[in-house]
Structures are given as C-alpha cells and as structure tokens.
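This report is for a reader who is meeting the structure below for the first time. Please look through the sequence and the model before reading on.

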Number of protein chains: 2
Amino acid sequence: MNIKEELKRRARLVDEALEKYLPPDHEHPAVIHEAMRYSVFAGGKRLRPILVLAAAEAVGDEAGAASAMPVACALELIHTYSLVHDDLPAMDNDDFRRGRPTNHKVYGEAMAILAGDALLTTAFELMGQSAGKFSPQAVNRVVVEIAQAAGSQGLIGGQVVDTLSENKKVEASVLEYIHRHKTGALFRAAIRSGAILNGASEEQLQALTVYAEQMGLAFQIKDDLLDIEGEQEKIGKPVGSDVKNQKATYPALYGMEKARKMAGLAAEEAVAALKIFGPKGEFLRSIMHFIINRDH
Amino acid sequence: MNIKEELKRRARLVDEALEKYLPPDHEHPAVIHEAMRYSVFAGGKRLRPILVLAAAEAVGDEAGAASAMPVACALELIHTYSLVHDDLPAMDNDDFRRGRPTNHKVYGEAMAILAGDALLTTAFELMGQSAGKFSPQAVNRVVVEIAQAAGSQGLIGGQVVDTLSENKKVEASVLEYIHRHKTGALFRAAIRSGAILNGASEEQLQALTVYAEQMGLAFQIKDDLLDIEGEQEKIGKPVGSDVKNQKATYPALYGMEKARKMAGLAAEEAVAALKIFGPKGEFLRSIMHFIINRDH
C-alpha cells in the first residue's frame with residue numbers, strides 16, 4: 001500500500017461526503033453556509049475522519065465502517081470550528097491558515113464566530129443522523145464521547161490553558177495538558193468512536209485508546225518540529241511562528257534532539273498497541289508511520 | 001395554580017439540576033467553568049427547560065417527564081451560549097445583560113467565545129447522557145431536532161439575518177424569519193423534544209408544534225413591546241434600546257396597537273391547540289397566559 005496515495009483517496013471520499021452533508025452555499029442565509037464551506041474546504045488532510053473510518057475497519061466489517069462516515073465528518077467539522085474560533089482576533093489573531101486568509105478576514109468576525117458555532121452544531125446533527133445504521137445506544141455513547149472530547153475538559157480546556165500560557169514559560173506538565181487536550185482529545189474520540197460504532201470489544205477499544213493517545217502525542221511533537229524545520233510553502237504558515245509567538249512547544253522545552261526521540265518512542269508504542277489486530281491493524285500502522293515521517 | 005409561584009418553583013428545580021450537571025467552578029481549567037457558570041446562573045427564567053418538562057408532562061407520566069431534566073437543561077445551555085456570543089463586541093457589543101456585565105466584560109473576549117462553545121458542547125453531552133432513561137431512538141431524534149433548531153437554518157440562521165439587517169429597514173417577511181429562527185426555533189425544539197422523549201403520539205406532537213410556534217411568536221412580540229413600554233429595572237436593560245439600535249421589531253413595523261393584537265391572536269391560537277390535552281394541557285395554557293401578561 002502506498003500510504004500517501006491511500007490517504008489522498010480516502011480524503012477525497014471524506015470530501016465528497018462533506019459536500020453532501022453540508023448545506024449548499026446558496027441555501028438561505030447564504031453567507032453563513034459560504035463561510036462554513038470556506039473553512040471546511042480549505043485543503044485539510046481529513047486525518048480525523050480517516051481515523052474514525054480506519055478504527056471502524058480494524059474492529060469490524062467494511063460496510064459497517066463505511067456507515068461511520070457521518071460521524072467521521074462530524075469530527076472534521078469540530079476540528080474546523082476550533083480552527084475558525086482559534087484564529088479570531090480575540091484568540092490567536094491569525095490572518096492566514098493553510099496559506100489562505102482566515103475565515104474572519106474574509107467574512108468578518110461576527111460571521112466567523114457564527115460559522116464556527118454552526119459547524120459545531122452541525123457535527124452533532126450528523127452524529128444523531130447516523131442513528132439508523134448502528135445500535136442507537138452506540139450512537140448515544142459516541143455523542144457523549146465526542147462532546148466530552150470537544151468540551152471544557154477536552155479540546156476547549158486545552159485551548160483555555162494554551163491561551164492562559166501565552167508569553168509565559170510553561171512547565172512540562174502544562175505543555176502535556178495543552179496537547180493532550182487541544183490535539184489529543186479529538187484524535188482519541190475519533191478512533192474510539194469509529195471502534196464503538198462498529199462493535200469493538202472492550203479489549204479492542206483499550207488497545208485503540210493506547211494507539212490514539214500515543215499517536216496524538218507523536219503528531220503534536222512532529223507539528224512542533226515542523227514549525228522549526230519545515231518549509232513555509234509546505235506547512236502553509238511562516239516557519240518559526242510558534243517561536244515568535246512564544247508558544248509552548250516540545251522542542252522549546254526539551255530541545256530538538258530529545259523531542260525527536262520522544263516522537264519516535266510514542267510512535268513505537270502506538271504501533272505496538274495494534275498487535276492484537278494482526279493484518280487488520282495495517283492501515284492504522286501505516287498512518288502512524290506517515291504522521292511521523294511527514295514533511296507538512 | 002398560581003402560575004408565577006409555580007414557574008419559580010420549577011425554575012429552582014432546573015437551577016438545582018444545572019448546578020449538578022455543570023462542572024464545578026474549581027474544576028481545571030477553573031476560569032472556563034467560572035465563565036460558563038457566570039452566564040448560566042445570571043437569573044434566567046428557565047422558560048425553555050420548563051417547556052421541555054411541561055410538554056413531557058402533557059403527553060406522558062410525571063416520572064418520565066422528570067427524566068427529561070438533562071435535555072431540559074441542555075436547552076438552557078444552548079440559549080445561554082447564544083446570548084454570550086450575541087453580546088460579543090463583534091456581534092451586538094452589549095456591556096450589560098439582565099443588569100449584570102456581560103460575559104466578555106468580566107472574562108475577556110477569548111474566554112467568552114470559549115465559554116459559549118463549551119456551553120453548546122455540554123448541551124449535547126447532556127442529551128447523550130439521558131440515553132438510559134428513554135428509548136435510545138427517541139434520544140437520537142431529539143439530538144437531531146435540537147441541533148437543527150440551533151443550527152445555521154435555526155437559531156444561528158436567525159442571528160445571521162438579524163446581523164445582516166441591523167441599521168436597515170426590513171420587510172415583514174425578514175422580521176418574521178429572524179424571530180421564527182432566533183427565538184422560535186429553540187422554543188419549538190424544547191416543546192417537541194420533551195414530547196418526543198415521553199412518548200407523544202403524532203397527533204400530540206402536531207398539536208404541541210402549533211402551540212410552540214404561536215407561543216414563540218407571542219413571546220417575541222411581547223418582548224418587543226416590553227422594550228418600549230417596560231420598566232428598566234424589570235427588563236434589565238435600558239428601555240428603548242431596540243429603537244436606539246434600529247433593531248427590527250414588531251412595533252416598529254406594525255405599530256403598538258397592531259403588534260399587541262398580533263400577540264393576543266397568537267396566544268389564542270396557541271391555547272386552542274392544547275384542546276386535545278384536556279386538563280393535562282392546563283400548565284402549558286397557564287404558561288401562555290403568563291408570557292402574554294408578563295411585565296419583564
């Protein structure tokens with residue numbers, strides 16, 4: 001399997017589904033639907049939806065996994081809403097994201113706030129609508145799982161601590177809190193949700209949770225490293241912007257060498273957790289390798 | 001029944017439940033939980049949760065209705081989040097709400113945005129958690145119902161059109177769109193959700209939908225009238241602020257006399273729709289009378 005090609009192929013499937021699930025941009029009131037679509041179709045890698053589907057495939061049949069598409073897309077909408085709100089002037093005040101003007105630069109602050117709100121709301125609508133395809137109990141469990149991962153003790157909690165820590169020297173435990181919540185929680189919820197929907201056993205769910213947590217850590221450290229070592233046109237933002245903004249990062253705290261080792265170790269542990277899946281863990285294994293070796 | 005006392009009693013029950021469901025304000029990261037609680041416990045009438053429970057009582061037994069409390073509270077959290085975001089500088093830029101400084105005046109814009117996001121997210125967590133007490137299918141249906149009411153073609157859609165219409169002369173159809181979505185959609189979802197959870201028949205659901213829509217209209221017109229005729233200390237904001245902000249209102253479009261008549265007519269239609277419930281419709285009937293006669 002060529003993992004890059006496979007990820008692209010799957011990202012296209014996710015894009016097609018998002019196209020279908022989001023209200024068309026001429027739907028009244030048009031400007032909010034345009035604003036929602038502007039940020040959703042901004043060239044993301046669709047990693048979270050792909051992880052939902054991959055986890056579902058690892059524990060069950062392919063048809064079941066394919067039915068997880070609405071929940072997969074819900075994760076992408078939550079990820080996108082968090083970026084739209086994070087970029088706002090009152091938050092990180094970013095003018096560019098993935099090489100394009102941020103949502104509020106195009107649609108204004110009011111509409112960017114509302115578009116974020118609407119993306120978050122649509123995410124839960126999609127989850128509820130996948131009810132026909134799985135046990136309704138599993139769907140309810142996934143709603144709770146994702147809401148907790150996205151909430152004040154998940155994604156939002158991470159953003160809060162990140163905001164409070166800006167321009168301050170942070171300890172390792174704070175850095176870990178930020179990343180485990182701001183990035184890790186949604187990865188974890190993506191993988192667990194796909195698995196829960198497609199009937200994972202408790203043992204499978206535990207193994208995938210370890211995979212998710214270690215993968216999330218490796219992903220974040222790699223992100224921090226790319227901010228220093230990457231090429232601007234590939235990562236879509238100026239190299240060194242974390243350093244400039246005095247962001248808490250792993251290289252800042254541990255140095256490049258140690259950070260690189262930590263990422264490698266986390267990736268190894270993630271892969272080790274997949275052992276019980278045998279060949280059915282192959283795709284998740286490849287995703288881990290891709291994440292640790294990516295250049296953007 | 002003394003409706004004022006009964007509403008107060010029920011609002012206290014809702015407050016107790018909200019107190020229990022929301023993370024304590026010392027929970028890490030404390031500031032977000034403080035900010036969430038600041039706006040939730042700001043002296044609201046808890047009308048939306050009370051309507052969830054009242055609709056549930058009208059169609060089924062009291063024990064079932066009491067189990068709808070998490071969903072009832074979810075509606076209040078969505079209402080509160082929408083107020084927190086609406087008050088932001090980029091939106092209505094309001095410094096006071098119910099006589100107290102608005103969320104962003106106390107916690108800053110970043111935290112107010114995040115607190116709103118967290119309230120919306122917690123609302124869906126609560127819905128998912130009520131799964132054990134009702135048929136999981138009904139819970140899923142309610143998640144979709146409420147997400148649609150709160151989304152880009154519901155509450156948020158109303159806010160979008162309201163924002164676009166500020167300082168413009170609007171037609172009757174635009175005013176109706178704004179209110180049917182900005183206020184009406186959540187009332188409708190509250191009443192329908194309570195009914196769906198507690199096993200309403202299709203006939204009952206239809207009747208309650210008519211009640212909800214007419215009641216929402218009467219509520220909004222009354223709100224507009226109070227902004228002109230009310231007393232500042234009772235309504236918690238300066239009298240005439242809608243006129244000052246050139247907000248689209250029913251009195252502005254139709255005049256006081258006609259607006260008053262429209263509110264009365266809507267209230268009558270709401271009450272008429274309750275006929276099939278006999279004595280079990282009494283509380284909803286009293287709520288309608290209370291709304292049309294309130295002075296704040």
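The text that follows describes the contact between the chains, their symmetry, and some local features.

The model is predicted.

**The interface**

How many residues of chain A are in contact with chain B? The number is 47, and they meet 47 residues of chain B. Between chain A and chain B an area of about 3,800 Å² is buried, and carbon and sulfur atoms give 73% of that area. On the side of chain A, the residues that lose the most area to chain B are L114(A), T121(A) and N140(A), which together make up 14% of what that side buries.

Five helices of chain A each supply at least two residues of the side that touches chain B: α2 (30–40), α5 (69–86), α7 (109–129), α8 (136–150) and α9 (155–165). The helix that gives the most to this side is α7(A), with 13 residues. Sorted by type, the residues of the side of chain A that touches chain B comprise 28 nonpolar, 15 polar and four charged.

As for pairings across the interface, the count of salt bridges between chain A and chain B is zero. Polar contacts do occur there: seven residue pairs of chain A and chain B are found, with both residues at pLDDT 80 or more.

**Symmetry**

How is chain A laid on chain B? A turn of 180 degrees with a shift of 0.0 Å along the axis does so, and the RMSD is 0.0 Å. This is the relation of a two-fold axis. Within chain A, P136(A) has the C-alpha nearest the axis, at 2.7 Å from it. Both copies use the same surface, since 100% of the contact residues of chain A recur in chain B.

**Local backbone features**

A cis peptide bond is found in chain A and in chain B, as the table sets out.

| Peptide bond | Omega | Place of the proline |
|---|---|---|
| H28(A) to P29(A), cis | near -10 degrees | P29(A): loop between α1 (3–21) and α2 of chain A |
| H28(B) to P29(B), cis | about -10 degrees | P29(B): loop between α1 (3–21) and α2 (30–40) of chain B |

Another backbone feature concerns R46(A), a residue other than glycine whose phi is positive, near 60 degrees. R46(A) sits in the loop between α2 and α3 (47–59) of chain A.

**Side-chain pairs**

A pair of aromatic rings is described by the distance of the centres and the angle of the planes. Over all chains, the count of aromatic pairs comes to seven. One of these pairs is formed by Y38(A) and Y107(A), with 5.6 Å from centre to centre and 70 degrees between the planes, an edge-to-face arrangement. Y38(A) belongs to helix α2 of chain A and Y107(A) to helix α6 (residues 103–107) of chain A; the two are 69 residues apart, and the pair links distant parts of the chain.

Side chains of opposite charge can pair when their charged atoms come close. In the whole structure, 36 salt bridges are found over all chains, while the count between chain A and chain B is zero. Among the salt bridges is that of R10(A) and E57(A), whose side chains meet at 3.1 Å, N to O. Which parts of chain A does the pair of R10(A) and E57(A) tie together? R10(A) lies in helix α1 and E57(A) in helix α3 of chain A, so the salt bridge joins parts that are 47 residues apart in sequence.

Conventions:
Residues numbered from 1 in each chain as written. Chains lettered and ligands numbered in written order. Heavy atoms only, no water. Contact = heavy atoms within 4.5 Å. Buried area = accessible area lost by both parts, 1.4 Å probe. Salt bridge = Lys/Arg side-chain N within 4 Å of Asp/Glu carboxyl O. Polar contact = N/O pair within 3.5 Å; in protein donor to acceptor, adjacent residues only side chain to side chain. Helix = DSSP H or I, 4+ residues; strand = E, 2+ residues; numbered from the N terminus. Nonpolar A, V, L, I, M, F, W, Y, C, P; charged D, E, K, R; others polar. Least-squares fit on C-alpha atoms with pLDDT ≥ 70 in both. Phe/Tyr/Trp six-rings, centres within 6.5 Å; stacked < 30°, edge-to-face > 60°.
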